[in-house]
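This report describes selected features of one protein model. Please read it alongside the sequence and coordinates displayed below.

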Amino acid sequence: MTTKAGVHRWSVVALYAVAMAWVEAAVVYYLRSLIDRIEPYQTYPLPMAGGFGPAELIREIATLVMLFTVGWLAGVTWSSRLGYSVVAFGVWDIFYYVFLRVITGVPKSLLDWDILFLIPLPWWGPVWAPTSIALLMILWGTFMTRADHSPVSFGSQRKFLALGGLGVVLALFTFMADAIYTADQGTEALRNMLPVHFNWPLFGIALALMALPVADAARMELRARRRVES
């Protein structure tokens, strides 16, 4: 694939993710309006409301399927398919918050708490946390989409990918820590739970670990360009 074709394909995937982000923000607006929770960080953040709970869980799974499907269709090999999927996820996540702010007025700042996900337990975190991960996803995914037509060997990233995977695990624990500690109290306790402290030091370590594969990919890309130019 030529560089021009790659840029075009990347742009189409990003456009899809942006459009999907608006749909996601609109759906969340509808749901939160129906349960009177436009601002998620308030007393009883996840009230029972008919069949909304199961519908919301399935919607989240469907969202992931759609994001990874567009990556599969856009890519040619496993690396480019994964890359486009990760790019789509990152773009979608960032623009979701942009559009949610446009539609609802929240989040008011990047420090506002939000319910990030519900599977397998509720994830809580300040908006800045998932959007910072999304930026790394866009960068790393972009490098992966170039792997098919670049002299860079992404196989040499294995140790950095392992460290990045550890960072993902730490980040997930940070988001779900309160839910994990509350889970043994039952579903009602999980629905009523409001976190009061975010573990910034642990998340900082997680973010640094997740940045390692991105930095290594950038280093290899730069090295490859120098070889071509020399």
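The following sections treat helices, a surface patch, salt bridges and aromatic pairs in turn.

The model is predicted, and local features are reported where pLDDT is at least 70.

**Helices**

Helix α3 comprises residues 78-104, a run of 27 residues. Its end C-alpha atoms lie 38 Å apart, which agrees with the 39 Å that follows from 1.5 Å a residue. Just after α3, G105 adopts a positive phi of about 90°.

Helix α5 covers residues 158-182 and contains 25 residues. From the first C-alpha to the last, α5 reaches 35 Å, close to the expected 36 Å. A kink of about 60° is nevertheless present in α5, with its centre on M176. M176 belongs to the buried residues of α5, which also include G164, G167, A171 and F175.

Helix α2 spans residues 52-74 and contains P54. With a relative accessible area of 52%, P54 is exposed, because the cut-off for that class is over 50%. P54 and L166 are separated by 112 residues in sequence and by 30 Å in space, C-alpha to C-alpha.

**Nonpolar surface patch**

A nonpolar patch on the surface is formed by W22, V23, F95, V98 and V102, with about 450 Å² of accessible area together. Helices α1 and α3 each supply at least two residues of this patch, and α3 gives the largest share, three residues. One of the patch members, V98, is located in α3. V98 counts as partly exposed because its relative accessibility is 40%.

**Salt bridges**

The structure holds five salt bridges. Three of them are listed here with their N to O distances.

| Pair | N to O distance |
|---|---|
| E24 and R59 | 2.5 Å |
| D114 and R32 | 2.8 Å |
| K108 and E39 | 3.7 Å |

The bridge between E24 and R59 connects helix α1 with helix α2, across 35 residues of sequence. E24 is buried at 11% relative accessibility, and R59 is buried at 16%. Both residues also take part in a network of salt bridges together with E56.

D114 and R32 form the second listed bridge, which links strand β1 (residues 113-117) to helix α1 over 82 residues. D114 and R32 are both buried.

The K108 and E39 bridge joins two loops: K108 lies between α3 and β1, whereas E39 lies between α1 and α2, 69 residues away in sequence. K108 is exposed, with a relative accessible area of 57%, while E39 counts as partly exposed at 24%.

**Aromatic pairs**

The structure contains 19 aromatic pairs. The pair of F117 and W123 is tilted, with 5.2 Å between centres and 55° between planes. F117 counts as buried at 14% relative accessibility, and W123 counts as buried at 17%. The rings of F198 and W200 have planes at 75° and centres 4.9 Å apart, so this pair is edge-to-face; the class requires an angle over 60 degrees. F198 is buried, with a relative accessible area of 5%, whereas W200 is partly exposed at 36%.

Ring pairs gather these four residues into a cluster that also contains Y41, W113, W124, W128, F175 and F203. F175 recurs here from the list of buried residues in α5.

Definitions and conventions. Residues numbered from 1 in each chain as written. Predicted model: local features only at pLDDT ≥ 70, side-chain atom pairs only at ≥ 80, totals over all residues. Heavy atoms only, no water. Helix = DSSP H or I, 4+ residues; strand = E, 2+ residues; numbered from the N terminus. Expected span 1.5 Å × (residues − 1). Bend = angle between axes of the 7 residues up to and from the residue. Buried < 20%, exposed > 50% of the residue type's maximum accessible area, 1.4 Å probe, protein only. Patch = residues over 30% accessible without salt bridge, like charges linked within 9 Å, V, L, I, M, F, W, Y side chains within 5 Å. Areas by Shrake-Rupley, 256 points an atom, 1.4 Å probe, with all protein chains shown as cover. Salt bridge = Lys/Arg side-chain N within 4 Å of Asp/Glu carboxyl O. Phe/Tyr/Trp six-rings, centres within 6.5 Å; stacked < 30°, edge-to-face > 60°.
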